[in-house]
Structures are given as structure tokens and as C-alpha cells.
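I opened this notebook page to record what I looked up in one protein model. The entries follow in the order in which I made them.

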Amino acid sequence: MRSQPDCSQETAAGDRYPGLRPAANGLPAKDRKGEHGYGRLDQSGRDRFFAIGGAICHCVLRRSARIAIEGLERIPRSGGCLLVANHISHFDPILLGMKSPRPIDYVADGKLFNDLLLAQILSALNVIPVDRNRQDARAAKAAIDRLKQGRMVGLFPERGIRHGKASILLGARLNPSAAVLAQKANVPVLPAVVVGSDRLYQFRSWRRPPRVFVAFGELLASEPGEDRSSFAARIHDRLLSLFTSLVKRYGIDPIDFPHSAQERWREEERART
């Protein structure tokens, strides 16, 4: 586990990404210059924005949570890579990326781009918008293009925040989308697990910082001739293994397993009475 850096030095975090080749964003040309604001910054500028944003978020979150991040050394420093993680809160992309040695191009709900200001921020962060209501071939092509260009793409295959038995950590099946993208782009999968980030929905976290855990696993590559179902199952097994390892090593209580924001708010209200 890495020691916590001095926040006064984090604002220069754009320098963490030397040698990264500028790459196209994977979207059609009209989107690079148009409605999502991709034309405002070049690739190196977007990467620097990601790094600085991550450094700022780290300085803020380290004051509201006791964050343990493991396996950063397993993140490949170059080449296409698909990050696959569970999703339990809006804080997950920040937690996964704020100490990453390279930028992550997340796939996120296209509805977030309906807000003009948020659309500009997400565009500057290289986010790929996806329509969750259908099979979005355009988003899939954008993600595959980015992977082939040597980018690291972040995917939450649960297609939204999930908790309880709807979470892939607690009983739900893993959507095969991760296996499909990795196989089509011919890149490895980097499994990652986040536990405890749903606690950050509680206001008391600023007074009693909760424990939050992030773990990156070993890279997984598709075997020659392996079908997507088999590969998806191996990815899921690795995620479950990471989760089980965290639970055993840190003695994580089931009350800290994935819960909804509403459940966390009700829990906080009960604690006040």
C-alpha cells in the first residue's frame, strides 16, 4: 500500500503521465469538434486534466474516508487495457482513477451529457457516452477504437449502481460486455473491486471517516478460441476472488457490503435517534 502524498504537491500530477502518445478519442469526427466539447483540449490536455482532477479528488476524499488502494503496480503503464469493476456509488470512478499511473477513459451513461456543464467536464475527462437503453454499437466502437489505440478504458458492466443481490459481488451474473470488448480489441482485462464507497453518501463520513477499499487484480487475457461466456466467467471469478480477499484481510463486516444510498441515509438517520 502506498503512503499518502502531500496534497500540496498533487496539483502537479499531470506530470505523472510522461511518454503517453496522444491518441484520438475514438468518437466520430463531428463529436470531436461538436456537442460534447472534445475539440476544446487535445489528448495530452485531457490526460493532464484527468491527472489534476484525480489529485484534487484524492486530497478531498482522504479527509472523509480511510482509503486503502492495493495493486496499483498491476496497472500496465502502456498499451490497451480494459478496466472492469463493480459499481456501488458515484464515487467509484474517482476512487479507481485518482491514484492511477495513467488516465482512464470511462464508459458512462449518456444521460449525464444532457447537462451542458457536466458534458464539458466529462468530455475533458475522455468519457465515452453510452445509451443504456439499447445495444449501443457506436459506444462499443468508440471503446474498441480507444483500446486499439493503446488507451485504458474503464467499464462498469453492471450498467449502473448496484447493491445487494443485484451486485456482481453478491450474487448477480456478470454482463458479457466486458469479455466482448476485450476480445474484439484484443487487449487484457484489469479486474478491480471497490468496497465501502457507498458509505461516502453519509454526511457523518466527514466526522467519522469510513473505511473504503480499492483493489486491482492480475491482468486477464482471453485464451485462443475461448468464447465470451467462458471469458466473462473468468473475469467474474477474479472479481469475486478480489472481494473475498479484501473481506478476509481487513475483516470487512457484511454491513459494509454494497448498500444503496437510500439505505445508507436511513442508517444514518437511525444513528441520530
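Entry 1, contacts. I began with contacts in the protein chain between residues at least 6 apart in sequence, and I noted that 76% of them join residues at least 24 apart. I record here that the model is predicted.

Entry 2, overall content. I counted eight helices and seven strands in the protein chain. I then looked up burial: of the 273 residues, 51% count as buried. For the surface, I noted that the protein chain exposes about 13300 Å². Carbon and sulfur atoms supply 54% of that exposed area.

Entry 3, strand β2. I turned next to β2, which spans residues 81-85. How many of its five residues are buried? I found that five of the five are, and I entered the strand as mostly covered.

Entry 4, side-chain directions in β2. In a regular strand, side chains alternate between the two faces of the sheet. I checked the directions residue by residue: C81, L83 and A85 point one way from β2, while L82 and V84 point the other way. Both sets are buried.

Entry 5, partners of β2. In which sense does β2 pair with β5? I recorded a parallel pairing over four bridges, with β5 covering residues 152-155. Within this pairing, C81 stands opposite M152 of β5.
I then looked up β6, residues 189-195, which also pairs with β2 in the parallel sense over four bridges. Here L82 of β2 stands opposite V189 of β6.

Entry 6, summary. I leave β2 as a strand with five of five residues buried, paired in the parallel sense with β5 and with β6.

Conventions: Residues are numbered from 1 along each chain as its sequence is written. This is a predicted model: local features need pLDDT of at least 70, side-chain atom pairs count only at pLDDT 80 or more; totals for chains, interfaces and linings use all residues. Side-chain values use heavy atoms; hydrogens and water are left out. Helices (H or I, at least four residues) and strands (E, at least two) are DSSP runs, numbered from the N terminus. Buried means under 20% relative accessible area, exposed over 50%, partly exposed in between (1.4 Å probe, protein chains only). Contact means heavy atoms within 4.5 Å. Accessible areas come from the Shrake-Rupley method with a 1.4 Å probe; for residues, only the protein chains shown count as cover. Two strands pair if DSSP finds at least two bridges between them.
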